[in-house]
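Please open the model in your viewer and keep the sequence panel visible. The tour proceeds by selections, and each stop describes what is to be found there.

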Amino acid sequence: MPHEVLGLIPARGGSKSIPYKNIVKLGGHPLIAYSINAGRLSTRISRFTCSTDDPRIADVCSTYKCPVLERPEELAQDDTHIIDVIIDVLTKLDRNEGYRPDVIALLQPTSPFVLPGQIDESLQLLEHDNLAQSVQTIAAFPHNFHAFNQREIEGGYVRFKFAQERARCYNKQSKPTLFSFGNFLATRREALLERQVFAEPSLAVTVPSPYALDVDGPEDFELAEWYLNTGKVELPVILPKE
């Protein structure tokens with residue numbers, strides 16, 4: 001049987017980098033609208049909801065036809081772990097509705113360029129691999145960001161953090177390919193209840209690096225606008241707020 005998939009958008013009101021970052025306009029729409037739109041257009045997400053503590057975010061979600069679950073204030077702090085938010089949602093849905101999804105798909109508002117097709121490909125992989133406990137999108141690191149190129153400062157002097165590895169793999173061709181997190185994660189419910197978010201074994205779907213942009217600070221918003229204006233990313237039209 002196909003998985004019952006809950007798409008979850010975690011969006012708290014507090015933000016240190018940009019006040020109310022999740023509802024700041026990007027390309028004419030609130031940032032969170034892109035995640036809502038991707039969830040609505042996915043053919044494999046059964047239902048979706050936003051967990052938020054803030055009425056302003058809840059109002060935007062309502063405008064874009066995204067159901068909201070109220071998040072308690074103690075789970076909306078700077079140091080709140082995402083697993084506690086997920087378990088809160090699972091507990092409420094089970095208690096209030098008897099709803100127990102097989103998989104939770106995390107649609108992060110700071111990943112506006114996730115595509116419905118990337119979501120569906122990821123969920124399809126997970127559905128057909130009974131051993132895998134999660135699936136995530138990944139993006140290849142640019143060479144200059146590679147771990148073997150990283151430096152640290154100690155005693156006022158800079159040096160390679162991984163000096164021995166750097167000595168063995170000193171050029172681009174010899175370095176192992178490394179990846180960063182992309183823009184989407186889905187994990188089986190049982191693993192999440194055991195507090196495993198990136199539960200292993202984890203499947204991977206590679207996405208182009210522009211689509212993996214994490215929009216956090218002002219420079220990220222500027223880059224995201226440039227991606228949109230230049231066609232570096234191509235997104236489906238935001239669904240009407242019907």
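**The whole chain**

In this predicted model, 73% of the contacts in the protein chain between residues at least 6 apart in sequence join residues at least 24 apart. Begin with the entire chain in cartoon view, where there are seven helices and 11 strands. The C-alpha trace spans about 60 × 40 × 35 Å along its principal axes. A compact globule with 242 residues would have a radius of gyration near 18 Å, and the 19 Å of this chain agrees with that value. Of the 242 residues, 45% count as buried.

**The sheet**

Next, select the strands of the open, seven-stranded sheet, whose order is β5-β4-β1-β6-β10-β7-β11, with mixed pairing. At the edges stand β5 (68-70) and β11 (202-206); each has a single partner strand, so one side of each is left without a neighbour in the sheet. From one strand to the next, the twist averages 30°.

Now restrict the selection to residues 5-10, strand β1, and residues 47-52, strand β4: these two pair in the parallel sense over five bridges. Within this region, P10 has S51 of β4 as its bridge partner.

**Helices on and around the sheet**

Select residues 55-63 to see helix α2, which lies across β4 and β5 and runs at about 160° to β4. Then select residues 116-127, helix α4, which packs on the sheet and touches β1, β6 (103-106), β7 (134-140), β10 (179-188) and β11. The direction of α4 makes about 55° with that of β10.

Continue to residues 31-41, helix α1. Is this helix largely enclosed by the rest of the structure or left open? Nine of its 11 residues are buried, so α1 is largely enclosed. Among these buried residues are L31, Y34 and N37.

**Aromatic rings**

Finally, show side chains as sticks. The structure holds four aromatic pairs. In one of them, the ring centres of W226 and Y227 are 5.7 Å apart and the planes lie at 45°, so the pair is tilted. Which of the two residues is buried and which is partly exposed? Y227 counts as buried because its relative accessibility, 14%, is under 20%, whereas W226 is partly exposed, with a relative accessible area of 43%. Add F113 to the selection: ring pairs link F113, W226 and Y227 into a cluster.

The last stop is R47 with Y99, where the charged end of R47 sits over the ring of Y99, 4.5 Å from the ring centre.

Definitions and conventions
Residues are numbered from 1 along each chain as its sequence is written. This is a predicted model: local features need pLDDT of at least 70, side-chain atom pairs count only at pLDDT 80 or more; totals for chains, interfaces and linings use all residues. Side-chain values use heavy atoms; hydrogens and water are left out. Two strands pair if DSSP finds at least two bridges between them. Helices (H or I, at least four residues) and strands (E, at least two) are DSSP runs, numbered from the N terminus. Axes are lines fitted to C-alpha atoms, for helices over the stretch in contact, and angles run from 0 to 180 degrees between N-to-C directions. Contact means heavy atoms within 4.5 Å. Buried means under 20% relative accessible area, exposed over 50%, partly exposed in between (1.4 Å probe, protein chains only). Rings of Phe, Tyr and Trp (its six-membered ring) pair if their centres lie within 6.5 Å; planes under 30 degrees apart count as stacked, over 60 as edge-to-face and the rest as tilted. A charge sits over a ring if NZ of Lys or CZ of Arg is within 6 Å of the ring centre and within 35 degrees of the ring normal. The radius of gyration is taken over C-alpha atoms; the globule rule is 2.2 Å times the number of residues to the power 0.38.
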